[in-house]
Amino acid sequence: MMWMLASPSTEFMKEHFLVSWTALMDGRYWTLLTSVFSHNMFFHIFLNMFVLLSFGPPLESRLGTRRFVMFYIVAGLISSFAHAAVSEFLLGQPGLPALGASGSIAGVITVFAFIFPRAKILVMGIIPVPALMGVLLLIGIDLWGLMSQMQGSGLPIGHGAHLGGAFTGVLYYVWLRIR
């Protein structure tokens, strides 16, 4: 919404709501968090919130609201950093910006899959598979997508952010098991 209101002058939004390695090196560390809550297209936020609504409530019920929200935010911070680092060190594009909750959502789906591994989920909205298999498939797709981007092709998708969120989900699940 703010992206549309800021148009045609979106400099404020670009400076404060897009994360990139360049933004971090310029000292705009807050973009690690603000980018997670920024979406510039209705379909983008709709898809992220639809997935969150699908996986969030059972996970929140299991973890408790406070721990769920803290995990969501931490997954967002780590996934934003992962995007920035991947853009700099693997893609050689330090200014490549990103926004959206997809990294946090990837973390939520990953923790969900480890806690409820046999729950049926719909990959791409149509293929029913056990949650753990689905999450492994999604991680594989993101790895493939990142490899394509490293070779100069691929879609403009934040695979680094998705993988950072999924990695955070794995670590959080291991931490839960140890506790």
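A polar contact is a pair of N or O atoms within 3.5 Å, where, within protein, one atom must be able to donate a hydrogen and the other to accept it. With that in hand, helix α9 is a good place to start. The model discussed here is a predicted one. In this model, the side chain of H159 makes a polar contact with the side chain of D142, at 2.6 Å. H159 lies in helix α9, a helix that covers residues 159-178. With a relative accessible area of 6%, H159 is buried, because buried means under 20%. Setting aside neighbours up to four places away in sequence, H159 is in contact with I141, D142, G145, L146 and Q149.

D142 turns up again with another histidine. H162 is also found in helix α9, and the side chain of H162 makes a polar contact with the side chain of D142, this time at 2.9 Å. So D142 has a polar contact with H159 and another with H162, each of them running from side chain to side chain. H162 counts as buried at 17% relative accessibility, since the cut-off for buried is under 20%. Apart from residues up to four places away in sequence, H162 touches S102, G103, A106, D142 and I157.

Further along helix α9 come G164 and T168. G164 is buried, with a relative accessible area of 7%, and T168 counts as buried at 6%. There is a link within the helix here: the side chain of T168 reaches the backbone oxygen of G164 at 2.8 Å. Both residues also meet parts of the chain that are far off in sequence. The C-alpha atoms of G164 and A82 are separated by 5.2 Å, although the two residues are 82 places apart along the chain. For T168 the partner is A75: the two are 93 residues apart along the chain, and 5.7 Å separates their C-alpha atoms. The contact lists fit in with this. Leaving out neighbours within four places in sequence, G164 is in contact with I78, S79 and A82, while T168 is in contact with F71, V74, A75 and I78. I78 is thus in contact with G164 and with T168.

Next come the charged pairs. The structure holds two salt bridges. One of them joins K14 to E11, with the closest N and O atoms 3.8 Å apart. These two residues both lie in helix α2 (residues 11-17), and they sit three residues apart, which is about one turn of the helix. K14 counts as partly exposed at 39% relative accessibility, because that value falls between the 20% and 50% limits. E11, with a relative accessible area of 52%, is exposed. The other salt bridge runs between R28 and D26, whose closest N and O atoms are 3.6 Å apart. Its two ends fall into opposite classes: R28 counts as buried at 17% relative accessibility, whereas D26 is exposed, with a relative accessible area of 51%.

The surface has a nonpolar side to it as well. F42, F43, I45, F46, L47, M49 and F50 form a nonpolar patch there, and together they have about 750 Å² of accessible area. F43, one of the patch residues, has its place in helix α5 (residues 42-63). With a relative accessible area of 58%, F43 is exposed, since exposed means over 50%.

Finally, there are the strands. Strand β1 (residues 120-123) has side chains that alternate: I121 and V123 point to one face and are buried, while K120 and L122 point to the other and are not. Strand β1 is joined by four bridges to strand β2 (residues 127-130), and the two run antiparallel. For I121, the bridge partner in β2 is V129. The two strands form a hairpin, with three residues between them. In the turn, M124 has a positive phi of about 60 degrees.

Terms used
Residues numbered from 1 in each chain as written. Predicted model: local features only at pLDDT ≥ 70, side-chain atom pairs only at ≥ 80, totals over all residues. Heavy atoms only, no water. Buried < 20%, exposed > 50% of the residue type's maximum accessible area, 1.4 Å probe, protein only. Contact = heavy atoms within 4.5 Å. Salt bridge = Lys/Arg side-chain N within 4 Å of Asp/Glu carboxyl O. Patch = residues over 30% accessible without salt bridge, like charges linked within 9 Å, V, L, I, M, F, W, Y side chains within 5 Å. Areas by Shrake-Rupley, 256 points an atom, 1.4 Å probe, with all protein chains shown as cover. Pairing = 2+ DSSP bridges.
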